[in-house]
Amino acid sequence: MPPFRYRRARSIPAQVRAMIDDRLKKVSPPIASVTSTGYTYSDQQPSGNPAAWQIDQAGGTGTPTYGTLSGLINGANAVYTVSAAQYLTGTLTVYRNGVLVAQGTGANEWGETSTSAGTFTLVTAPLTGDWLMAIYQVGA
């Protein structure tokens with residue numbers, strides 16, 4: 001499968017784009033090269049098994065540029081499902097309003113609910129107007 005390209009969303013704050021760029025560069029082997037027009041992704045893991053990285057978002061204003069997380073952002077709901085309906089254990093990274101959310105059980109953390117169903121749960125439900133982004137890997 002050849003690499004795919006997409007253009008970065010202009011609606012995403014520059015500091016969030018910088019965090020994504022930094023995270024993608026640290027994966028070994030690097031899964032993306034960053035250009036002025038977007039990212040070019042590779043779909044090969046070190047083992048040679050095909051895999052894909054996915055970026056989903058929900059909330060905020062405007063139309064999502066990436067996949068869409070399922071789940072209301074209303075101050076009550078805390079369970080979200082990724083658009084691929086599954087993710088590899090240990091690959092999910094969650095951002096809330098552009099800030100990396102730690103995995104755990106503290107007030108501002110999240111936990112894997114079911115990787116095979118693609119769900120995760122935030123300990124504290126995001127408020128209306130909050131913005132969520134999830135970056136994760138989907139196996140072949």
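Biologist: Leaving aside its neighbours within four places in sequence, which residues is Arg96 in contact with?

Modeller: In this predicted model, Arg96 is in contact with Val101, Thr124, Ala125, Pro126, Leu127, Asp130, Trp131 and Leu132, once its neighbours within four places in sequence are left aside. Contact here means that heavy atoms lie within 4.5 Å.

Biologist: Where does Arg96 lie, and why is Arg96 called buried?

Modeller: Arg96 belongs to strand 7, which covers residues 93-96. The relative accessible area of Arg96 is 17%, and the word buried applies under 20%, so Arg96 is called buried.

Biologist: Asn97 has the next number, so to speak; where is Asn97 placed, and what makes Asn97 partly exposed?

Modeller: Asn97 sits in the loop between strand 7 and strand 8, the latter being residues 99-101. Asn97 has a relative accessible area of 41%, and because buried means under 20% and exposed means over 50%, Asn97 falls in between and counts as partly exposed.

Biologist: What is the sign of phi in Asn97 and in Ala85?

Modeller: Phi of Asn97 is near 55°, a positive value in a residue other than glycine, and phi of Ala85 is near 65°, again a positive value in a residue other than glycine. Most residues other than glycine have a negative phi.

Biologist: Where is Ala85, and why is Ala85 called partly exposed?

Modeller: Ala85 is in the loop between strand 6 (79-81) and strand 7. With a relative accessible area of 40%, set against the limits of 20% and 50%, Ala85 is therefore partly exposed.

Biologist: Which residues does Ala117 touch, not counting residues up to four places away in sequence?

Modeller: Ala117 touches Thr81, Ala85 and Gln86, and Ala117 itself is found in the loop between strand 9 (110-114) and strand 10 (119-122). The C-alpha atoms of Ala117 and Tyr87 are separated by 8.0 Å, although these residues are 30 residues apart along the chain. Ala117 counts as partly exposed, because its relative accessibility is 35%, between the limits of 20% and 50%.

Biologist: How do you know that strand 6 and strand 10 pair?

Modeller: Pairing requires at least two bridges, and strand 6 and strand 10 have 3 bridges in the antiparallel sense. The bridge partner of Thr81 is Thr119 in strand 10.

Biologist: What makes strand 6 and strand 9 the edge strands of the open sheet?

Modeller: The sheet has 3 strands in the order 6-10-9, with antiparallel pairing, and strand 6 and strand 9 are its edge strands, each pairing on one side only. Neighbouring strands of this sheet are turned by 30° against each other on average, direction ignored.

Notes: Residues numbered from 1 in each chain as written. Predicted model: local features only at pLDDT ≥ 70, side-chain atom pairs only at ≥ 80, totals over all residues. Heavy atoms only, no water. Helix = DSSP H or I, 4+ residues; strand = E, 2+ residues; numbered from the N terminus. Buried < 20%, exposed > 50% of the residue type's maximum accessible area, 1.4 Å probe, protein only. Axes fitted to C-alpha atoms, helices over the stretch in contact; angles between N-to-C directions.
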